[in-house]
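The following note sets out points for a colleague who is reading the structure alongside its sequence. The points proceed by region and may be checked one by one against the coordinates.

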Amino acid sequence: MNYMVQMKDVCKDFSDVRVLDCVDLQIEPGTVHALVGENGAGKSTLCKILAGFYPRDGGEILVSGQRVGKLDSRRALELGISMIYQEPNLAPLMTVAENIMLGQEPGFVINANQSFRRAEEILATAGFDLNVRLPVSHLTAHEKQLVEIAKAISLDTRVLIMDEATAALSAVEKEHLFTVIRKLKEQGVGVIYVTHILPEVFELAEWVTVLRNGENIGTRKVSEVTTDEVIEMMVGHKLTKATVEHRQTGMEVLRLENVSNLPEVHGVSLSLFQGEILGIGGLAGSGQRELARVIFGADRMDAGEMYVFGEKVDFKSPSDAMNCGISLVPRDRKGESLVPEMSLGHNVEMASLPTITKLLGIIDPSQERAMIRNQIQQLDIVPPMSGKVMEEFSGGNQQKAAIAKWLATKPKILILDEPTVGVDIRTREYLYGTLSELAKEGISLLLTSSDLKEVLRLSNRVLLMRKGRFVNELPGDPAMENEALRIITLGEEE
Amino acid sequence: MGRVGRALTWEAWLLIINVAVIALFANMVVGFAQSPAVLNVSRALTILGIIAVGQSLVMAAGGVDLSVGSIFGFAAVLLAILYKLGYGFGIMLLAGVGAGCFIGIINGLSVTKLGFKPFIATFAMMIALRAIAYFTMKGTIGLAAQGVTGTVWTDLVRVQSPLWLYPSFFILLVAAVGGWWLLNNTRFGSWARGTGGNLNAARAVGVPVDRVRIITYVASGALAAVAGMLNVGDIQGVRTFDGAGMELLSLAAVIIGGASLAGGSASILGTLLAVLLISLVKVGVSLMGIALWYQQIITGAVLLAALVLTRLSLRRGIARTEKELTK
Amino acid sequence: MQVAQAGKTWSSLRTGELIRNNASWIALGALVVFLLISAPSFFTGVNFLDMLKSASEMGLVAIGETLVILAGGFDLSVAAIMLLGGMVFGILFMNLGLPVGVAVLATLATTVGLGLANGLLVTKVKLPAFIATFATMFVFTGASFALGEGRAIYHIRDPFFTFLGQGKLGMVPIPSIIFIVVVIIAYLLLSTTRFGRTIYAVGGNENAAYMSGMNVDRTRLITYMISGFLSGLAGLILTSRLEAAQVVAAQVSGYSVTLLDAIAAVMIGGISIFGGKGRMSGLIGGILLIQVLTNGIATLGADSNFHLLAKGLLMALAVGIDIYFGSGVGLRRRPKLHS
């Protein structure tokens with residue numbers, strides 16, 4: 001078999017974490033090879049290595065049977081490999097034609113009309129019809145995608161990698177994309193198609209490879225495997241059916257009715273009860289972050305209504321939400337939670353300054369000390385030095401500090417957005433314990449996560465999101481993981 | 001694909017504003033429409049315009065050059081020194097442009113190879129060069145100011161002719177047309193705008209992003225040097241603080257001209273129209289018979305107003321270049 | 001899968017902090033030693049008092065600038081506001097004959113308003129601070145010329161007002177007392193109040209501050225207003241000292257001396273121009289350093305343009321230290337490609 005691309009035993013480490021462990025992948029010409037796996041399984045990393053954006057730490061790559069040494073993005077292009085990302089990789093202020101022709105201009109002098117014509121030719125070959133004179137910023141996401149595909153074709157791409165290509169597409173656009181991909185197949189192009197959406201795999205691909213925790217669990221012919229089998233491979237254990245009772249919880253503290261935060265969240269309705277842990281599960285990019293933000297007032301609500309403790313609210317900024325007792329621990333602690341060059345103590349007190357302020361805006365040192373000490377102890381932040389600069393703490397402790405900051409505000413409703421990302425196992429377990437304690441104390445928690453196992457384990461109930469909408473609710477039971485994955489990866493047909 | 005319809009382009013608006021200002025001044029200000037005033041506008045336009053063309057190129061590629069004012073001054077100092085030593089036009093030209101290019105290379109290298117942000121790198125150059133200019137002049141001539149008369153430079157700028165076109169104006173035209181052509185009709189221009197628009201994408205398709213950026217800084221440096229030397233001819237002398245403030249004025253002109261703050265697009269035409277506006281206001285106000293200080297206020301206020309309007313309207317997405325309206 | 005970021009080591013960050021906050025004092029020490037050797041005449045009592053007095057004006061401006069920069073902004077128009085303040089007072093007091101107290105208050109109100117204008121341009125119109133305050137610098141400088149019709153206003157004398165700039169409490173000049181009081185207030189503000197913490201948070205990580213319920217725009221706006229106030233106060237002191245409202249700003253190589261000095265003092269004082277870092281202790285060292293440097297240059301008979309070279313070098317050094325020991329804000333890292 002003449003493989004276009006062969007990856008053998010490819011490994012990749014980030015710091016001291018092994019992200020890819022001896023992964024094999026072979027791409028046959030004229031086929032679509034789907035790459036699936038849960039978040040963090042390593043799909044994107046594998047593709048980026050092939051496309052030359054990351055160097056590999058081990059293993060071999062062969063293109064058309066020839067071993068490839070150093071592989072950077074330029075070399076990858078020369079070898080006919082190109083990658084299309086979720087975020088379009090184009091220059092927004094330049095026209096479609098200019099973007100397509102970038103890097104392959106015929107000569108020093110450019111004749112605009114010639115450029116337009118050539119770009120139109122390329123688009124026509126690919127089967128698209130776009131106005132080549134428009135600046136790329138005026139195009140829809142799908143159109144930008146088409147431009148990138150056309151550009152890749154014009155660069156003689158033989159292996160096209162597409163990462164979550166349908167994330168921003170409507171049903172019609174998706175169909176169009178599939179037609180395009182089939183046409184590429186006919187021309188002998190090999191397509192690596194990364195996706196979460198299993199029906200797409202069965203509609204489009206000849207082969208499917210499942211990654212889990214950086215390992216290649218298996219490669220199968222699509223015609224010889226079922227959805228359940230794929231899910232099993234992704235998750236690692238068989239389907240079990242188990243029922244769990246709901247724990248008793250108190251009154252409704254938060255209610256959303258048809259809340260939208262465009263374009264990521266559409267018409268979400270939910271109720272949060274006192275003392276419960278409500279999980280929001282779903283694949284990365286399903287809108288959980290934006291849902292958390294709109295509840296917290298960090299993003300404007302585009303539609304719908306929100307009620308806190310029975311009162312209608314309209315938050316214009318986070319401080320409004322904080323006044324109602326709502327706190328949000330954002331997922332990006334470096335970008336949105338902590339000030340890296342400030343000390344631990346100053347970071348921890350940052351959201352609760354009003355409570356320790358006396359007259360004239362002066363901060364009460366003894367109250368301040370007490371609060372900081374309390375938080376450091378409660379969350380076991382190590383080393384317990386409040387004057388130490390935040391940057392110097394480990395990732396796990398930084399996350400603890402971020403959570404401590406919000407606990408110090410004594411919230412009634414605490415939202416946590418992907419709280420255990422980038423956190424070591426020990427800290428993770430510690431945090432799980434802390435969250436349970438909080439719920440027992442009567443604080444209501446809203447937990448978003450793309451780690452289904454985790455969110456099912458922690459929550460009373462889990463609401464599943466896909467593409468900004470709620471699809472289903474499950475009881476909080478880790479045994480339901482397969483079921484959950486099934487629900488969120490299957491298409492609207494389900 | 002929604003179209004903006006019959007909205008005017010940004011350059012068209014700038015043209016309209018310029019015409020309005022001309023009409024206003026022609027009516028209200030005595031002597032505006034006459035020869036000396038027009039010549040003054042032309043001279044101011046020339047000098048700032050040449051610098052602004054260079055700045056446009058740098059900004060299109062995603063950078064910024066804060067050292068142009070100091071390069072301007074440094075070139076002037078070189079000219080004074082060579083004048084004192086008795087050299088001729090050819091050597092002066094070579095030395096000035098050469099110095100401008102050299103400094104541009106240093107700027108370009110700090111940004112691409114050393115990894116400094118353009119703002120920081122060129123700011124440091126601005127200060128360093130100004131000091132070097134001063135001490136060079138003091139060291140060789142011994143003065144902080146020097147008269148320079150009877151050179152070709154003067155003839156380039158101060159021709160007493162009934163026409164309001166100076167040779168230096170032609171130099172501006174050449175620079176502007178050259179810049180425009182380079183930016184819009186050549187591969188290099190595509191590369192520059194691609195680099196400014198999306199560095200990663202450009203690099204990925206093989207655009208030599210480092211080389212491209214260095215070249216833009218070289219162009220900016222050379223043009224600033226030329227402007228500095230023309231200025232010597234204009235005021236027939238050199239003072240060590242010549243050119244101070246030019247960097248920010250050129251930046252303002254490029255922004256008002258419709259360039260994107262983040263890079264990826266710049267309009268030479270827009271920049272020139274902005275420079276024209278600034279020059280018109282400067283000259284018109286100076287003719288009003290009001291004190292110098294009022295001129296300064298008005299100039300500053302106009303600048304501010306223009307910047308504010310630019311930011312506010314661009315946020316509403318008014319069509320920015322001609323290209324968006326075709327087809 | 002995300003990876004836990006390992007904490008940075010103690011040594012590099014701590015060293016950086018130590019250097020940042022004390023660089024100005026170290027440099028000051030070195031400079032004093034140098035002057036002791038080369039120009040002993042520098043250390044006379046008269047000279048010191050003189051220095052202390054003129055340090056106050058620049059110092060007040062520098063403190064205002066520090067607050068603005070700490071919160072993540074920048075202000076090029078501070079020196080222009082100072083001049084305009086003096087001129088406004090001159091007009092109000094001399095030409096319009098207002099009582100001195102009213103004139104002082106009105107002047108300060110005006111300069112606060114100017115600071116507000118700057119702040120609005122940066123926070124509401126979202127103009128880059130550098131460019132916005134460059135333009136306002138033009139406008140304010142021109143305005144001070146305009147008010148005085150091109151001339152300075154002389155013979156400004158009044159028992160209360162003149163005491164402000166020329167009086168002494170014992171041996172200490174009043175301006176210095178004012179300066180010291182402001183320093184103490186600023187120090188307390190930054191280290192003990194909620195507003196001070198807010199400033200550091202806003203300058204250190206704007207996003208995190210917003211997500212913690214802080215009002216980023218309002219905080220910055222207030223720093224610009226405080227800066228306006230302090231510049232106005234400096235202008236009043238200057239006017240009182242000279243008994244005249246100045247119109248021409250002292251310049252060197254085209255740049256205003258006060259502006260240059262203030263920014264140099266701020267930078268070498270360890271205040272990061274990227275915001276969120278720096279302490280009053282370092283700033284004081286910076287102010288003293290610049291003052292001694294200025295006077296030293298004059299005493300040594302060196303060219304006045306030497307200022308630019310020396311101070312420019314110091315500024316460059318300061319930025320270099322900041323970038324090297326800081327989180328690399330001034331450097332463009334090889335960008336993460338689509339993570």
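**Notes on the predicted model**

1. *The six-stranded sheet of chain A.* Six strands of chain A form an open sheet in the order β16-β17-β18-β13-β19-β20, and their pairing is mixed. The edges are β16 (326–329) and β20 (469–475) of chain A, each of which pairs on one side only. From one strand to the next, the twist averages 20 degrees. The model is a predicted one, and the points below should be read accordingly.

2. *Pairing within that sheet.* Strand β13 (residues 277–282) and strand β18 (residues 444–449) of chain A pair in the parallel sense, over five bridges. Within this pair, A:I280 is placed opposite A:T448 of β18(A). At the β16 edge, β16(A) is joined by four bridges to strand β17 (residues 413–417) of chain A, and these two strands also run parallel. A:S327 has A:L414 of β17(A) as its bridge partner.

3. *The faces of β16(A).* In a regular strand, side chains alternate between the two faces of the sheet. In β16(A), A:I326 and A:L328 point one way, whereas A:S327 and A:V329 point the other way. Are these residues buried or exposed? All of them are buried.

4. *The four-stranded sheet of chain A.* A second open sheet to consider has four strands of chain A in the order β2-β1-β4-β5, with antiparallel pairing. Its edge strands are β2 (17–27) and β5 of chain A, each pairing on one side only. Strand β1 (residues 5–14) of chain A is connected to β4(A) by five bridges, and the two run antiparallel. Here A:M7 has A:I61 of β4(A) as its bridge partner. Helix α1 (residues 43–50) of chain A lies across β1, β2 and β4 of chain A, at about 115 degrees to β1(A).

5. *Two partly exposed residues of chain A.* A:S64 is located in the loop between β4 (58–63) and β5 (66–67) of chain A. Why is A:S64 classed as partly exposed? A:S64 is partly exposed because 15 other C-beta atoms lie within 10 Å, a count between the limits of 12 or fewer for exposed and 20 or more for buried. A:S64 and A:L79 are 15 residues apart in sequence, and their C-alpha atoms are 9.1 Å apart in space. A:R74 belongs to helix α2 (residues 73–78) of chain A. A:R74 has 15 C-beta neighbours inside 10 Å and therefore counts as partly exposed. Between the C-alpha atoms of A:R74 and A:A124, which are 50 residues apart along the chain, the separation is 26 Å.

6. *A hairpin in chain A.* Strand β11 (residues 252–261) and strand β12 (residues 265–273) of chain A run antiparallel and are joined by six bridges. They form a hairpin with three residues between them. Within the hairpin, A:L254 stands opposite A:L272 of β12(A).

7. *Helices α3 and α5 of chain C.* The axes of helix α3 (residues 78–95) and helix α5 (residues 129–148) of chain C come within 9 Å and cross at roughly 25 degrees. α3(C) is therefore roughly parallel to α5(C), the angle being under 35 degrees. The crossing is left-handed. Residues making the contact include C:L84, C:M87 and C:I91 of α3(C), together with C:F140, C:A143 and C:L147 of α5(C). By class, the residues of this contact are 11 nonpolar, four polar and no charged.

8. *Helices α4 and α5 of chain C.* Helix α4 (residues 100–123) of chain C packs on α5(C) at an angle of about 145 degrees, with the axes 9 Å apart. This crossing is right-handed. In α4(C), C:L114, C:A117, C:N118, C:L121 and C:V122 meet C:A129, C:A132, C:T133, C:T136 and C:F140 in α5(C). The contact of α4(C) with α5(C) has seven nonpolar and three polar residues, and no charged ones.

9. *The contact between chains A and B.* How many residues of chain B are in contact with chain A? There are 23, and they touch 24 residues of chain A. On the chain B side, α8 (187–197) and α9 (199–204) each supply at least two residues. The largest share, five residues, comes from α8(B). By class, the chain B side has six nonpolar, 12 polar and five charged residues.

Note on methods
Residues are numbered from 1 along each chain as its sequence is written. Chains are lettered from A and ligands numbered from 1 in the order in which they are written. This is a predicted model: local features need pLDDT of at least 70, side-chain atom pairs count only at pLDDT 80 or more; totals for chains, interfaces and linings use all residues. Two strands pair if DSSP finds at least two bridges between them. Axes are lines fitted to C-alpha atoms, for helices over the stretch in contact, and angles run from 0 to 180 degrees between N-to-C directions. Angles under 35 degrees count as roughly parallel, over 145 as roughly antiparallel, 65 to 115 as roughly perpendicular and the rest as oblique. A crossing is left-handed if the near helix is turned anticlockwise from the far one by less than a right angle, and right-handed if clockwise. Two residues are in contact if their C-beta atoms, placed from the backbone, lie within 7 Å. Ala, Val, Leu, Ile, Met, Phe, Trp, Tyr, Cys and Pro count as nonpolar, Asp, Glu, Lys and Arg as charged, and the others, Gly among them, as polar.
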